[in-house]
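I opened the notebook to go through this structure from its overall make-up to single contacts. The entries follow the order in which I looked things up.

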Amino acid sequence: MAEAASPERAPRAGFAITPSRGKFTIHNGPSYRAAAPGDVRTGLWVLDRHCNGMGFLHGGMACAFADSALAWAVWSATNKMSVTIKLTMEFMEIAREGEWIEAHPVVTAVDGDFVHVSARIVKEDGALAARADAVFRTVRRGPSAKA
């Protein structure tokens, strides 16, 4: 079902829509990636479907957004797909429907197949909405894996 109350908005300058990678992403997007080489920021317009009953970004959606942004940073640093081993979130400030948020991830360590990464989730006004810390494990697709 289409969501008439929250039409898709154009990304902020310097961002382009993130190519979709599956049903979950299609339903919970769209999200946007910074377009400049080496810039691993990810952005999101907070839509009605992303909000809880109180009208601000649902914690689960914030986690999904952070997880995706962190995985993009891992890919950018290693050129390998990865899976989340651990994700920790700290919530500082609410993000309301209609606000733009950005994840600013940093890979802090690569230890074999394990990649440690953190991100600040910031609002348009620069306020820190959340922090995410994660460990990912890089994976290689086998011959039987679906594309």
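Entry 1, surface and make-up. I began with the accessible surface, which comes to about 8,400 Å², and 56% of that area belongs to carbon and sulfur atoms. I note here that the model is predicted. Of the 147 residues in the protein, 37% are buried. I then took contacts between residues at least 6 apart in sequence and found that 57% of them join residues at least 24 apart.

Entry 2, secondary structure. I found two helices and seven strands. Along the sequence they follow the pattern β-α-β-β-α-β-β-β-β.

Entry 3, the sheet. In what order do the strands lie in the open sheet? I read it as S1-S2-S3-S5-S6-S7-S4, seven strands with antiparallel pairing. S1 (15-17) and S4 are the edge strands, and each of them pairs on one side only. From one strand to the next I get an average twist of 30°.

Entry 4, strand pairs. I went through three pairings.
- S5 (residues 100-111) runs antiparallel to S6 (residues 114-123), and 10 bridges join them. Here I found Asp-111 opposite Phe-114 in S6.
- S6 and S7 are also antiparallel, with nine bridges between them. Ile-121 has Ala-130 in S7 as its bridge partner.
- S4 pairs with S7 over 10 bridges, again in the antiparallel sense. Met-81 stands opposite Val-139 in S7.

I also looked at the turn that links S6 and S7. The two strands form a hairpin with four residues between them. In that turn, Gly-126 has a positive phi of about 90°.

Entry 5, helix against sheet. Which strands does helix H2 lie across? I listed S2 (31-34), S3 (42-45), S4, S5, S6 and S7 (128-139) for this helix, which spans residues 59-78. Against S4, helix H2 runs at about 135°.

Entry 6, salt bridges. I counted nine salt bridges in the structure. I wrote up three pairs and one network.

The side chains of Arg-12 and Glu-124 form a salt bridge at 2.0 Å, N to O. Arg-12 is in the segment before S1 and Glu-124 is in the loop between S6 and S7, so this pair ties together parts 112 residues apart in sequence. Arg-12 is partly exposed, at 31% relative accessible area. Glu-124 is partly exposed as well, at 43%.

Arg-131 and Glu-90 also meet through their side chains, at 3.4 Å, N to O. Arg-131 belongs to S7 and Glu-90 to S4, so the salt bridge ties together parts 41 residues apart in sequence. I had already noted that S4 and S7 pair in the sheet. Arg-131 has a relative accessible area of 27% and is partly exposed. For Glu-90 the value is 38%, and this residue is partly exposed too.

Asp-113 and Arg-140 form a salt bridge in which the closest N and O atoms are 4.0 Å apart. Asp-113 lies in the loop between S5 and S6, and Arg-140 in the segment after S7, so the parts they tie together are 27 residues apart in sequence. Are the two residues buried or exposed? Asp-113 is partly exposed at 27%, whereas Arg-140 is exposed at 57%. The cut-off I needed for that call is that exposed means over 50% relative accessible area.

Asp-39, Arg-41 and Glu-102 are linked in a network of salt bridges.

Entry 7, a nonpolar patch. Which residues make the nonpolar surface patch of about 310 Å²? I found Val-83, Ile-85, Phe-114 and Val-139. Val-83 lies in S4, which covers residues 81-91. Why does Val-83 count as partly exposed? Its relative accessibility is 40%, and partly exposed is the class between buried, under 20%, and exposed, over 50%.

Two patch members had already come up in the strand pairings. Phe-114 is the residue opposite Asp-111, and Val-139 is the residue opposite Met-81. I added one general remark beside this entry: side chains in a regular strand alternate between the two faces of the sheet.

Methods
Residues numbered from 1 in each chain as written. Predicted model: local features only at pLDDT ≥ 70, side-chain atom pairs only at ≥ 80, totals over all residues. Heavy atoms only, no water. Patch = residues over 30% accessible without salt bridge, like charges linked within 9 Å, V, L, I, M, F, W, Y side chains within 5 Å. Areas by Shrake-Rupley, 256 points an atom, 1.4 Å probe, with all protein chains shown as cover. Buried < 20%, exposed > 50% of the residue type's maximum accessible area, 1.4 Å probe, protein only. Pairing = 2+ DSSP bridges. Axes fitted to C-alpha atoms, helices over the stretch in contact; angles between N-to-C directions. Contact = heavy atoms within 4.5 Å.
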